[in-house]
Amino acid sequence: MISVADLLTNNRIPGNYFATDVYVRSDLELGLLENRRGDRLLALPETLIQAIYVGLDKETGQATRLVLFNCGKWWGKNFYTRFREELTDYYGQALADMTMAEFLQCLQQCWITHGWGKVELDHQYQNRGFLVIKTWNSPFAGHAPKINRPVCYFEAGILSAFFSQLTGRDLHCIQTACESLGAEANRFVIGLEKRLEPANVMVEQQADHDTIMKKLCP
């Protein structure tokens, strides 16, 4: 028989930690945005994103992609640490002990709440050593200058660092499809850097995602 004491112990049922209406908190008088732990959040206006791309292009030229990718890697390491700490504190279990369904639900809601659009993991090539990430409504793809190659370098850096931290392996990430070029979604391929080298050349040659994956997984 269940006792009253049992019912009163750990009686909180964890909800959706990253639900936008409870995760993001604002103080209009001070002009501050915070998350539910009290950590500061930063809002990036469209004009700032555009200015970052234009300014870096004028200052660094083709090195813009490398600068943004490395910035994304630095930010992605910190993002993973916060993501892990917040979920561990809230759900009372290590990230490694969560089911894949729970992990994906948290990551997808986190992506939406932070204003990065939608994200989905494609495991089709997992047994070949690659993970494909699909995103939609990316603010970077939406506001970067239109060029003849994918432009979400910052996101690629974030994903590279995030999944490197998650798996404990040094992984690289290459974007193979971009909404800025008319694709229905942004696609990123994550794997070991040496195995991704052929994709670099094919992206420069404007090959499509499926063609690149056939080359990587003959």
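A nonpolar core is a set of buried Ala, Val, Leu, Ile, Met, Phe, Trp, Tyr and Cys residues joined through side-chain atoms within 4.5 Å; buried means under 20% relative accessible area, exposed over 50%, and partly exposed in between (1.4 Å probe, protein chains only). The model you have open is predicted, so to speak of local features requires pLDDT of at least 70, and side-chain atom pairs count only at pLDDT 80 or more, while totals for chains, interfaces and linings use all residues. Residues are numbered from 1 along each chain as its sequence is written, and side-chain values use heavy atoms, with hydrogens and water left out.

**Stop 1: the core**

Start by selecting Phe83, Ile133 and Phe163: these have the most contacts inside the largest nonpolar core, a set of 43 residues. Now colour by element (helices, H or I, of at least four residues and strands, E, of at least two are DSSP runs numbered from the N terminus). Among the elements giving two or more residues to this core are helix 4 (64–91), strand 5 (131–136) and strand 7 (186–191). A second, separate core has 14 residues, including Ile174, Val189, Leu196 and Met213.

**Stop 2: isoleucine 133**

Zoom in on Ile133, which sits in strand 5. Is this residue buried or exposed? Ile133 is buried, because its relative accessible area is 0%. Leaving aside neighbours within four places in sequence, the residues in contact with Ile133 (contact means heavy atoms within 4.5 Å) include Val119, Leu159, Phe163 and Phe188. Ile190 is another residue on that contact list; its C-alpha atom is 7.8 Å from that of Ile133, with their places 57 residues apart along the chain.

**Stop 3: the cavity**

Next, show Phe79, Leu107, Trp111, Val119, Leu121, Ile133, Leu159, Phe162 and Phe163, which line the largest cavity. On a 1 Å grid over the protein atoms alone, a cavity is a set of points where a 1.4 Å probe fits but cannot get out, and lining residues have an atom within 4 Å of a point. The volume is about 40 Å³, counted as the space filled by probe spheres set on the points. Helix 7 gives the largest share of the lining, three residues. By class, the lining has nine nonpolar, no polar and no charged residues.

**Stop 4: arginine 82**

Finish in helix 4, where you can select Arg82. With a relative accessible area of 30%, Arg82 is partly exposed. Add Asp39 to the view: the C-alpha atoms of Arg82 and Asp39 are separated by 9.8 Å.

How values were computed:
1 Å grid on protein atoms, 1.4 Å probe; cavity = no way out; pocket = protein on both sides within 12 Å on 5 of 7 lines; lining within 4 Å. Nonpolar A, V, L, I, M, F, W, Y, C, P; charged D, E, K, R; others polar.
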